[in-house]
Amino acid sequence: MVKVITYGTYDLLHQGHLNLLRRAKALGDWLIVGVTNDNFDRERGKLNVRNNVLERVDAVKATGIADQIIIEDYVGQKIDDIQKYDVDIFAIGSDWEGKFDYLNEYCKVVYLPRTEGISSTMLREDLQDDIHIGIVGCGRIAHRFVTEAAYVSYSKVTGVYDIDQGVAEAFCENHNIPTSFNTFDELLENVHAVYIATPHLSHYDLCKQAIMQHKHVLCETPLVLNGNEARELFKLAEDNNVVLMEANKTAHSPAFNHLITMIKSGLIGDVVDVSASESKLWGERFTRELDPQQAGGSMYEMGSYPLLPIIRLMGTEFIDIGFYSKMVNGVDVYTRGVMRYPKGVCSFQLGLGVKTEGNLVISGTKGYAYVPSPWWLTDYYEFRFEDQNMNKKFFYKWDGAGLRYEIQEFLSCIFNHRLGTVRLRREESIAMADIMQQFANRKNMMTI
């Protein structure tokens, strides 16, 4: 049996791909197709917003041409695959002429003719234009957003709005953005989507106004501090057929999602406890983060991050939650929360005036997962077991400030007509807002 292997991204699968696959198949008896993982797009400096790797695998499978499909995850894998699968011929498009001659040491290399007049690049240019994004609020995180958006295909920041026009103008000049608008309405008239990076209490009104103007919304976390407001906004977005997404960077990072997937697969057994913490000691006393009139305090400022792994793993149907807070000048500088579930108990610690370890521990009936501080910038984690020989360590790359992952998912939802994301479902965002509301009402809260 003559085995042939070929590789490609296969995004926007087209006739040119089909022709190449058929030509590769004709070279032998068994065709192995390697589909490059999403990580390869990151290495090339751009994040794809069209089809993820599973969708691309399904598209190749649907052609019926491939006898076997594998995923290409790392540089150098081609040599490993050729040896592993006892490959006779490596086939690739002629636009790579000479680039894979080094593989002649392991098998025969064949460069196949490309189909003239068609390519994925051409199709992308025909099928979609840039998404024009307007930034609302020109604070520190908005500066990071502009830098991160440059790494995501089809994202284009074209305007900003801030209540301080001078700040907006300086922001545009600093980042070479075309326009600073005098009003939010003017911004909405000139963009397809908005990124809201204003203080918490303004999120609801700004989101609602944008959605009513049929604009897609990516809003900084916490989305809102009231569960009923969250429900209303998501229903409104659905009615207006636009995307509303909470911008929680950890929820969209590759490493965190792999961690959650592995745990849900049962690697550490049944999860019975999730413990997460986060803290930051602010150097300046009089900041928005410590102002009770601006929803300051550790719960509102950081609570959505440790709530994320708890809700993703244990669900939204908890029995009850209790808070234990140290209050100073009307805000919680430290809060510990304890959540009871039917089959587990979880806790989180938050500090703006108290320093905590900042790690994440997920305990199961077979072992536990450990993510060191700062766990919310997940790039490394371990699975630990009673038998230490079974312990596993996983390393990932965290690119830049991490906002590019949420921007990628946001644009992917827009292009693929998905009103929500599985990385942070609407019911999970609503549950977080319900918890924020319970904290605001001081229900089941004790001061320490």
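This short talk walks through two sheets, some buried residues and a cavity in a predicted model.

Before the details, a word on conventions: the model is predicted, so local features need a pLDDT of at least 70, side-chain atom pairs count only at pLDDT 80 or more, and totals for chains, interfaces and linings use all residues. Residues are numbered from 1 along each chain as its sequence is written, and side-chain values use heavy atoms, with hydrogens and water left out.

Let me start with the parallel sheet. Six strands form an open sheet in the order S8-S7-S6-S9-S10-S11, and the pairing is parallel; here helices (H or I, at least four residues) and strands (E, at least two) are DSSP runs numbered from the N terminus, and two strands pair if DSSP finds at least two bridges between them. Strand S8 (179-180) and S11 stand at the edges, each with a single partner strand, so one side of each has no neighbour in the sheet. Strands of a sheet pair through backbone hydrogen bonds, either parallel or antiparallel.

Within this sheet, strand S6 (residues 131-136) is joined to strand S7 (residues 155-161) by six bridges, the two running parallel, and Ile131 has Ser155 of S7 as its bridge partner. Five of the six residues of S6 are buried, so the strand is largely enclosed by the rest of the structure; buried means under 20% relative accessible area, exposed over 50%, and partly exposed in between, with a 1.4 Å probe and protein chains only. Further along, four bridges join strand S9 (residues 193-196) to S10 in parallel, with Ala193 opposite His216 in S10.

Which helices lie across this sheet? Helix H6 (residues 140-149) lies across S6, S7, S9 and S10, at about 165 degrees to S6, while H14 lies across S6, S7, S9, S10 and S11, at about 160 degrees to S10. Contact means heavy atoms within 4.5 Å, and for the angles, axes are lines fitted to C-alpha atoms, for helices over the stretch in contact, with values from 0 to 180 degrees between N-to-C directions.

Close to this sheet in sequence, please find Lys215, which is in the loop between helix H9 (203-212) and strand S10 (216-220). Is Lys215 buried or exposed? Its relative accessible area is 15%, so Lys215 counts as buried. Leaving aside neighbours within four places in sequence, Lys215 is in contact with Leu188, Val191, His192, Ala210 and Val242. The side chain of Lys215 reaches the backbone oxygen of Leu188 at 3.1 Å, and a polar atom of that side chain lies 2.9 Å from the backbone oxygen of Val191.

A second buried charged residue is Asp399, in the loop between S19 and helix H14 (403-415). Asp399 has a relative accessibility of 7% and counts as buried, and its side chain makes a polar contact with the side chain of Lys397 at 3.4 Å; a polar contact is a pair of N or O atoms within 3.5 Å, where within protein one must be able to donate a hydrogen and the other to accept it, and residues adjacent in sequence count only if both atoms are side-chain atoms.Turning to the other sheet, nine strands form an open sheet in the order S19-S18-S17-S16-S12-S15-S14-S13-S20, with mixed pairing. Strand S19 (392-395) and strand S20 (445-447) stand at the edges, each with a single partner strand, so one side of each is left without a neighbour in the sheet. From one strand to the next, the twist averages 10 degrees. Helix H13 (residues 304-314) packs on this sheet, touching strand S12 (271-279), S14, strand S15 (344-351) and strand S16 (360-364), and its direction makes about 165 degrees with that of S12. Nine bridges join the antiparallel strands S13 (residues 320-328) and S14 (residues 331-341), and Met327 stands opposite Asp332 in S14. Helix H15 (residues 426-440) lies across S13, S14 and S20, at about 55 degrees to S13.

Finally, the cavities. The structure holds two cavities of 30 Å³ or more, where a cavity is a set of points, on a 1 Å grid over the protein atoms alone, at which a 1.4 Å probe fits but cannot get out. About 50 Å³ of space lies in the largest cavity, a volume being the space filled by probe spheres set on the points. Among the residues lining the largest cavity are Phe234, Glu246, Thr421 and Arg425, lining residues being those with an atom within 4 Å of a point. The largest share of that lining, three residues, comes from S11.

Technical notes: On a 1 Å grid over the protein atoms alone, a cavity is a set of points where a 1.4 Å probe fits but cannot get out, and a pocket is an open set with protein on both sides within 12 Å along at least five of seven lines; lining residues have an atom within 4 Å of a point.
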